[in-house]
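This report was prepared for a student who is beginning to read protein models. Please look at the sequence and the structure shown below before continuing.

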Amino acid sequence: MPSRQTDLLQGTLDLLILKALAIQELHGMGVSRRIAQITEGAFDVKAGSLFPALHRMEQAGWLTSFWGESETNRRAKFYSLTKAGKKQLHAESERWERISLAMATALRTA
Amino acid sequence: MISRLRALWNNVFRRKQLDRNLDEELQAYLELVLAEKVRAGADPEDAHRDARHHRGGIDQVVQSVRDVRAGVFLDRLVQDVRYGVRTLAKDPAFSLVAIATLALGIGANTAMFSMLDQVVLRLLPVSDPERLVIVRETGNHYGNSYGPNTISWPMFEDLRDNNQVFSGMFCRFPTSVAIGLSDHAVQIPAELVSNSYFQTLGVKALFGRLIGQEDDSVPDSKPVVVLSYSFWRSYLNGDHNVVGRTISLNGYAMTVIGVAQPNFDGVELGSPASVFVPIMMKTEMTPHSDGLKDRRRRLSWVTAYGRLKPGISTEQAQLSLQPLLHSILKMEVEQPEFTRSATAADGQLFLRNRVELLPGSDSGLREEMRRPLLLLLALTGAVLLLACANLANLLLARAAAREREFAVRLAIGAGRARIIRQLLVESLLLSGAGAVVGLALAFLAARVLLRIYLPADAVAEFVISPIPDGRVLAFVVGAMLLTSLVFGLVPAVRGSQTEITLSLKDRSGTLSGGGISLRRMLVGIQVSLSLLLLVGAGLFVRTLRNLENLGPGFPTDHLLTFTTTPTLNGYSYAETKSYYQRLTVDLETMPGITSVGLSTMPILRGFAWQNAILGKDFEGTPIEQQPVLSQVDPNYFATLGIPVIAGRGFTAKDVAPADYAIVNETFAKEYFPGRNPIGQHFGLVDDMRAVIPNTEVIGVIPDRKYRGLRETPPPQAYFPSTEISNIRGMTVYVHTQGDPRQFEDALRDRMRQFDPHVPVVDLQTVNEQIGFSLRTERLVASLSGVFGGLATLLAVIGLYGVMAYVVQRRTLEIGIRIALGATRSNVIAMVMREVFFLIGAGLAVGMALALVLADLIRNQLYGLSARDPFTFVSSAIVLTLAAGLAGFIPALHASGVDPTTALRQE
């Protein structure tokens with residue numbers, strides 16, 4: 001799994017986190033696990049980048065958090081998308097699709 | 001939005017809690033990682049080691065999360081501020097108007113607040129000033145009293161030695177003393193203090209020592225003096241070798257023992273003391289008057305202070321002291337000096353006197369200024385509110401004009417909260433700049449106003465510090481935050497509600513409402529507020545005019561006055577008597593001076609010498625009906641232009657043992673009703689001996705005022721000063737040819753030549769003296785006038801702005817009307833209808849408010865009702881004219897709309 005890891009592009013992490021939380025609220029570990037799952041292991045997000053990103057996005061008003069209980073029966077902080085977060089996910093996805101399309105086109109013609 | 005605000009709150013104010021939460025969050029994460037590894041089949045031991053290894057990395061995570069939190073907040077703030085400055089700079093006219101408006105509003109409030117703070121709110125600069133109380137006895141005194149807060153020296157000793165509630169008590173007596181300088185003498189304020197004064201207050205010496213236990217054992221034994229810091233600086237040039245030197249007070253050599261800490265100049269605000277002298281030196285400091293040694297219980301002269309023991313409240317102390325006072329009073333009513341002058345009924349009344357504890361920082365000035373200053377602060381508050389309404393109006397117009405900008409920002413993903421924040425930051429920038437300018441204005445204004453409206457010696461009373469202290473700064477910051485919220489929030493919220501789709505189309509401006517109804521409402525509020533302020537100003541100006549027109553009951557235009565007290569310079573009674581005889585002769589030869597009169601009591605200074613009298617037909621007089629008295633020389637009434645309307649005036653021949661009096665009409669009516677007062681007799685009640693009524697009334701003068709302008713003339717009796725052998729000092733009245741002001745300097749020089757050792761005090765024209773007695777009313781009248789004008793100006797600007805905006809938005813409609821045949825006057829009438837609707841609505845609300853609020857200022861008025869119709873109507877007319885004119889300009893513009901251009905633009 002580590003061998004196929006890809007470096008995260010600037011802004012990609014935010015989009016991945018938004019996407020990971022689009023279906024259900026998750027705690028930090030859950031977000032990291034979900035991202036690995038939906039990218040088929042391409043990204044393994046470490047605590048060092050995950051938590052700053054979660055807190056930054058919470059500050060930006062995209063995420064909101066609450067304290068719940070984890071699978072190990074321990075108090076854990078769960079995150080979920082806000083309305084602004086959903087909008088952001090929508091906008092970011094569109095932007096990303098445009099970029100990836102442009103990149104793909106660019107790479108093909110070159 | 002809510003969650004964002006909460007996050008912000010948490011960030012700034014709940015850092016610790018946040019860090020704990022973060023710790024817990026990361027701990028849970030580590031455990032989950034561990035559990036997952038174990039589940040995936042890893043050896044638990046290895047996994048644990050791994051987890052511990054991870055923990056090192058956790059600190060880094062914590063740090064970077066913290067950075068993110070601080071960074072996001074700061075980044076956005078910097079961004080918003082930068083963007084805000086840029087936006088404001090793009091529209092300098094708007095920004096300048098906004099900042100100037102706010103600066104005026106905040107400046108006026110700050111000036112009033114700093115006066116209120118320094119005159120009324122601030123406590124004495126002593127340790128724990130809130131535990132210091134004045135101990136006073138309420139009820140009647142039956143004897144001589146120096147003021148409502150005074151008690152007798154024996155009473156003070158009894159209270160000091162027998163109370164359970166004070167950790168310390170002291171008393172004081174303020175007086176004037178003459179200090180001898182090299183070639184002349186000046187009179188300075190002094191405080192006679194009991195030995196525990198400084199210790200109980202917790203005031204320290206700058207150097208040397210203060211008056212203490214050792215200075216208060218035997219009367220006359222301690223000729224020592226402590227200097228106040230400012231006196232030491234101004235009169236002794238801050239000489240550090242001053243301790244041990246002797247200075248001459250009232251001709252006595254007194255040794256300087258120390259200088260008190262800076263900023264402490266006595267316990268009475270507005271009456272600073274220059275020197276502090278042990279109360280044991282009373283005889284020397286107040287010649288020929290001694291309540292200390294003769295221990296009379298019927299002479300109240302010291303003000304007593306106590307420091308509450310820890311844990312004892314004012315109420316508890318009051319309850320505990322009451323039985324003590326009662327036992328003292330019971331002993332006092334038995335004494336001959338009481339029974340001689342008071343009836344048994346008086347005794348019962350006297351026993352009902354109670355102890356009352358007042359805050360130790362109270363003073364007459366504080367009492368006098370509290371209501372006027374609170375009132376002025378309320379007025380400036382209204383002005384600031386008006387300024388805010390104006391700004392909200394301007395910002396609403398701007399928000400409407402910026403709809404496209406907001407729409408674009410919303411479209412590219414900015415949250416509405418972000419836009420609100422952006423606009424609030426702009427408001428804060430404006431109010432911040434306004435506050436800075438306002439702070440500068442406040443201190444200029446406070447100084448200038450005080451200088452213009454108060455005589456020079458009054459300015460010293462109001463120590464307005466040029467450097468804002470923490471409290472004033474806190475007030476300014478509070479005012480700034482509050483105003484930016486008040487004027488910024490509504491426009492900001494409206495701005496953020498911009499509809500993206502509508503606004504991005506070209507004709508956005510004409511489609512949406514632009515908050516026009518809100519803006520109309522703001523203008524209505526402005527009109528009401530300025531009506532309130534105008535009515536207030538009108539009432540106060542008319543009050544001042546009424547008081548000025550009152551007059552004292554005799555002509556004052558050619559009168560100069562001053563006071564001398566030769567006994568303070570060690571003159572005997574005989575020397576004092578000859579001093580005034582020579583002085584009268586000397587001054588009468590001065591060119592331009594037509595007459596000189598003398599009196600032992602100054603008039604119109606709030607002082608009164610009152611005493612109970614008795615006659616053939618009346619025995620004693622209740623306190624409230626005691627006449628006011630004075631001793632005057634034969635020229636006194638002529639100098640003051642007061643005619644003797646019956647009988648005769650005094651002559652130089654009226655000397656002891658003759659016993660004559662001249663009374664006023666009220667006196668005659670009060671005590672000799674239906675009889676010819678001439679030839680009647682009365683006598684002064686004296687607690688030292690029995691009295692025979694043998695003073696004969698020889699003349700009657702018309703009523704005139706005695707203590708001040710506001711009083712109805714009390715019963716008055718005058719005795720010839722030539723009869724009296726124990727005069728300590730007199731007030732001199734000089735009648736001049738022409739303007740008396742031009743004689744002030746010459747008179748001062750003449751007095752210096754006449755006797756350099758007797759200082760001249762309070763030399764001024766009687767008109768200046770009267771003006772000074774109205775200083776509070778003048779301050780209130782002129783400031784409320786300024787604020788009323790300012791408020792009207794703001795309201796007029798606001799109305800103009802809204803109407804100009806309305807006309808601009810309705811250009812198309814107006815164009816069509818004109819095209820369909822409306823005349824210019826039709827259009828003007830259409831616009832003016834709206835203008836007058838706005839003014840009318842504002843006036844109606846303002847009138848209702850003014851009628852309700854008028855009761856609050858009733859006590860500050862004189863000679864007119866708080867609902868004075870003339871003031872109300874004229875204020876409304878002035879406001880209607882000014883605002884109508886402001887509305888007429890846009891109306892005129894509207895009538896000039898060219899239909900073809902208007903239609904083509906669309």
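The sections that follow discuss confidence, the contact between two chains, one strand and one residue.

## Confidence in the model

The structure is a predicted model, and its scores should be read first. For the complex, the predictor gives an ipTM of 0.79 and a pTM of 0.73. In chain B the average pLDDT is 84, and 91% of the residues score at least 70.

Some parts of chain B have low scores. Over residues 455-462 of chain B, pLDDT stays under 50, and the model has 12 contacts beyond four places in sequence for this stretch. Residues 506-512 of chain B also have pLDDT under 50 throughout, with eight contacts beyond four places in sequence.

## The contact between chains A and B

Chain A contributes 23 residues to the contact, and chain B contributes 23 residues. On the side of chain B that touches chain A, the elements that give two or more residues are α1 (2-13), α2 (15-39) and α3 (44-90) of chain B. The most is given by α2(B), with nine residues.

The character of this side of chain B can also be described. Its residues comprise 12 nonpolar, six polar and five charged.

## Strand β6 of chain B

In a regular strand, side chains alternate between the two faces of the sheet. Strand β6 (residues 224-227) of chain B is covered on both faces. B:Val224 and B:Val226 lie on one side, B:Val225 and B:Leu227 lie on the other, and all of them are buried.

The strand has two pairing partners to consider here. With strand β8 (residues 252-260) of chain B, β6(B) pairs in the parallel sense over four bridges. Within β8(B), B:Val259 is the bridge partner of B:Leu227. With strand β9 (residues 275-278) of chain B, β6(B) runs antiparallel, and two bridges join them. In β9(B), B:Phe276 stands opposite B:Val226.

## A residue in helix α4 of chain A

A:Ala106 belongs to helix α4 (residues 83-109) of chain A. Is A:Ala106 buried or exposed? A residue counts as exposed if 12 or fewer other C-beta atoms lie within 10 Å of its own. A:Ala106 has 9 other C-beta atoms within 10 Å, and it is therefore exposed.

Position in sequence and position in space may be considered together for this residue. A:Ala106 and A:Thr64 are separated by 42 residues in sequence, and their C-alpha atoms are 38 Å apart in space.

Key. Residues are numbered from 1 along each chain as its sequence is written. Chains are lettered from A and ligands numbered from 1 in the order in which they are written. This is a predicted model: local features need pLDDT of at least 70, side-chain atom pairs count only at pLDDT 80 or more; totals for chains, interfaces and linings use all residues. Two residues are in contact if their C-beta atoms, placed from the backbone, lie within 7 Å. Ala, Val, Leu, Ile, Met, Phe, Trp, Tyr, Cys and Pro count as nonpolar, Asp, Glu, Lys and Arg as charged, and the others, Gly among them, as polar. A residue is buried if 20 or more other C-beta atoms lie within 10 Å of its own, exposed if 12 or fewer, and partly exposed in between; C-beta atoms are placed from the backbone. Two strands pair if DSSP finds at least two bridges between them. pLDDT is the predictor's confidence in each residue, from 0 to 100.
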